[in-house]
Amino acid sequence: MRLSRFHLSTVKEVPADAEIVSHQLMLRTGMVRKLAAGIYTWSPLGLRVLRKVEAIVREEMNRAGAMEVLMPSIQPRELWEETERWQRFGGQLLKIKDRKEQEFCYGPTHEEVITDFARQELKSYKQLPLNFYQIQTKFRDEIRPRFGVMRAREFLMKDAYSFHLTQDCLAHEYANMYAAYTRIFTRLGLGFRAVQADSGAIGGDASHEFHVLADSGEDAIAFSTGSEYAANIELAEAVAPGQQRPPAQSPLTRVDTPRQKTIEEVSSFLNVQPAECVKTLIVRGRDGLVALCVRGDHEINEVKAQKLAELPGESELASEAEIEAVVGCKPGFIGPAGLPAGIPVIVDRAAAVLADFVCGGNQNGSHYTGANWGRDAVISRIEDLRKVVVGDPSPDGQGEIRIARGIEVGHVFQLGQKYAEAMGATVLDEAGQKRVMYMGCYGIGVSRIVAAAIEQNFDAAGVIWPDAIAPWRVAVCVINPKHDPAITAAADALYADLCAAGIDAVLDDRGLRAGQMFADIELIGIPHRVVVSERGLAAGTFEYRQRRASEAEALSRDQVFERLR
């Protein structure tokens with residue numbers, strides 16, 4: 001490819017509406033252009049990167065034995081009604097009607113469609129196991145699309161779905177996909193971590209997320225200093241303290257805290273540590289209000305809380321009016337001591353071993369000191385309710401917890417029989433009996449990977465692409481202010497030789513000044529640059545520079561090829 005014949009449109013200014021580096025650089029390099037909120041056109045430059053990511057994903061999925069299909073992006077309401085997700089999926093589901101007033105959605109995911117395909121195509125256990133995948137555009141109507149293609153409404157995704165007769169067979173394919181994902185992200189040249197995760201709206205029994213590690217990541221990852229343990233912070237277990245609860249030493253005493261509502265305000269006012277306080281949240285349960293208690297320096301983990309039997313599958317705070325009507329005080333003064341008997345009190349493991357703690361007094365403007373479980377406050381049940389923090393012991397008993405930021409780019413699920421059972425996807429087993437199939441689901445955000453790679457690989461000059469997904473691996477730059485035919489011929493010959501050797505190269509023959517040319521090449525992130533100039537030609541060398549290197553080197557033709565190989 002010659003840049004003189006390529007659409008390359010770069011800008012120096014940082015766009016005002018771009019908050020994170022990847023969004024800024026994708027706009028500055030001209031990789032994408034915004035059409036509407038969360039919807040982007042990919043330019044020829046951006047599409048080259050996107051297609052390289054897609055090719056690696058496709059190669060490894062094929063290598064793992066999956067078969068590519070292509071399902072419709074428009075899906076009928078009836079399928080989503082079968083799994084009861086038409087309403088449950090929420091506002092992210094873009095619903096549309098055709099001229100006959102029949103309802104459809106623009107697919108945000110394809111569990112229903114692939115299950116419908118499987119129940120029609122698969123009749124016998126002899127056809128199993130099978131794994132189907134596609135690389136296709138999805139649409140989720142994000143309430144606040146942001147960060148460019150990182151959280152867009154329209155995006156490119158690889159989604160795969162496997163079908164099995166038994167749970168053991170599903171577990172085997174899950175391990176196969178886990179290994180395939182590890183190969184994919186390794187080949188992409190990204191620093192990543194696989195973590196245990198919550199299955200969320202997709203559902204299922206077991207799941208892992210694959211995160212590209214970056215400071216700008218929206219997700220917090222808990223990992224061990226002494227082992228390979230890693231989990232999304234929403235799922236990471238907070239291990240129960242090793243010590244027993246000490247006996248009560250202080251009497252329960254009500255103290256005035258007229259303007260102190262938060263843990264920080266109360267602990268400062270009473271000259272105690274937040275870890276000596278109990279924080280109580282009142283949430284809506286299945287049969288009324290429920291109290292959740294954690295230590296003052298800890299935070300409720302909503303994902304853990306919503307799995308409690310007393311809650312209706314979500315963790316929703318009660319309103320101020322509801323709390324005042326039942327408890328008799330405003331939020332900020334609630335505590336487990338003296339709560340009405342009908343409110344279950346579920347206590348986190350770390351809070352359950354406190355004695356003589358500070359908590360809300362269940363009266364406006366007051367708190368208790370010297371509160372104790374059993375004597376003053378009843379524990380309905382002890383659970384793991386909190387988010388882990390740095391320094392917690394690792395759940396596997398090896399090392400301590402540390403926390404890093406990550407960008408989720410892949411997710412694998414063991415769905416079990418959730419969708420197959422809801423949609424009647426069965427096969428006949430060896431005995432001729434109908435058996436509901438087990439399913440796995442495996443997704444990769446192809447377009448998100450492009451942004452995540454930038455978040456992990458950039459400097460002040462621009463993008464630094466890993467070789468595998470760069471728009472081109474090497475740029476041949478021609479410095480020829482005198483329009484010397486020999487320099488042009490040498491550049492053309494080098495470019496042709498690189499292409500013949502299977503090295504993805506671009507020839508910058510735009511006739512720009514060296515500074516402007518180099519700035520563009522660095523901005524768009526080409527990993528290797530080779531300069532053809534009058535001085536180099538006279539010396540029989542080329543000026544080579546690797547994108548991360550601070551200095552250029554004078555290399556012979558053979559040395560250039562050796563580096564690039």
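The second largest pocket of this predicted model encloses about 370 Å³ of space. Of the 24 residues lining this pocket, Lys 261, Lys 279, Thr 280, Leu 281 and Gly 332 are the closest to its centre. Three elements, helix H7 (263-270), strand E14 and strand E17 (357-360), each supply at least two residues of the lining. Strand E14 gives the largest share, with 5 residues. By class, the lining of the second largest pocket divides into 14 nonpolar, 6 polar and 4 charged residues.

Strand E14 also takes part in a strand pairing. E14, residues 278-285, pairs with strand E15, residues 288-295, in the antiparallel sense over 8 bridges. The two strands are joined by a hairpin of 2 residues. Leu 281, one of the residues closest to the centre of the second largest pocket, has Leu 292 of E15 as its bridge partner.

Turning from strands to helices, two packed helices are described by the angle between their axes and the distance between the axes. Helix H1, residues 21-28, packs against helix H11, residues 446-456, at an angle of about 105°, and their axes lie 8 Å apart. Angles of 65 to 115 degrees count as roughly perpendicular, and H1 and H11 are therefore roughly perpendicular to each other. On the H1 side, the contact is made by Val 21, Ser 22, Leu 25 and Met 26, which meet Val 450, Ala 451, Ile 454 and Glu 455 of H11. This contact has 6 nonpolar, 1 polar and 1 charged residues.

The model also contains enclosed spaces. There are 2 cavities of 30 Å³ or more in the structure. The largest cavity holds about 50 Å³ of space. Its lining consists of Ile 521, Glu 522, Ile 526, Arg 529, Arg 545, Gln 546 and Arg 547. Helix H13 (514-523) and strand E29 (542-546) each supply at least two residues of this lining. By class, the lining of the largest cavity has 4 charged, 2 nonpolar and 1 polar residues.

The second largest cavity has a volume of about 30 Å³. The residues that line this cavity are His 7, Leu 8, Ser 9, Thr 29, Gly 30, Ser 43 and Leu 45. Among them are 5 polar and 2 nonpolar residues, with no charged residues in the lining of the second largest cavity.

Note on methods: Residues are numbered from 1 along each chain as its sequence is written. This is a predicted model: local features need pLDDT of at least 70, side-chain atom pairs count only at pLDDT 80 or more; totals for chains, interfaces and linings use all residues. Side-chain values use heavy atoms; hydrogens and water are left out. Two strands pair if DSSP finds at least two bridges between them. Helices (H or I, at least four residues) and strands (E, at least two) are DSSP runs, numbered from the N terminus. On a 1 Å grid over the protein atoms alone, a cavity is a set of points where a 1.4 Å probe fits but cannot get out, and a pocket is an open set with protein on both sides within 12 Å along at least five of seven lines; lining residues have an atom within 4 Å of a point. Grid points are joined across faces, edges and corners, and a volume is the space filled by probe spheres set on the points. Ala, Val, Leu, Ile, Met, Phe, Trp, Tyr, Cys and Pro count as nonpolar, Asp, Glu, Lys and Arg as charged, and the others, Gly among them, as polar. Axes are lines fitted to C-alpha atoms, for helices over the stretch in contact, and angles run from 0 to 180 degrees between N-to-C directions. Angles under 35 degrees count as roughly parallel, over 145 as roughly antiparallel, 65 to 115 as roughly perpendicular and the rest as oblique. Contact means heavy atoms within 4.5 Å.
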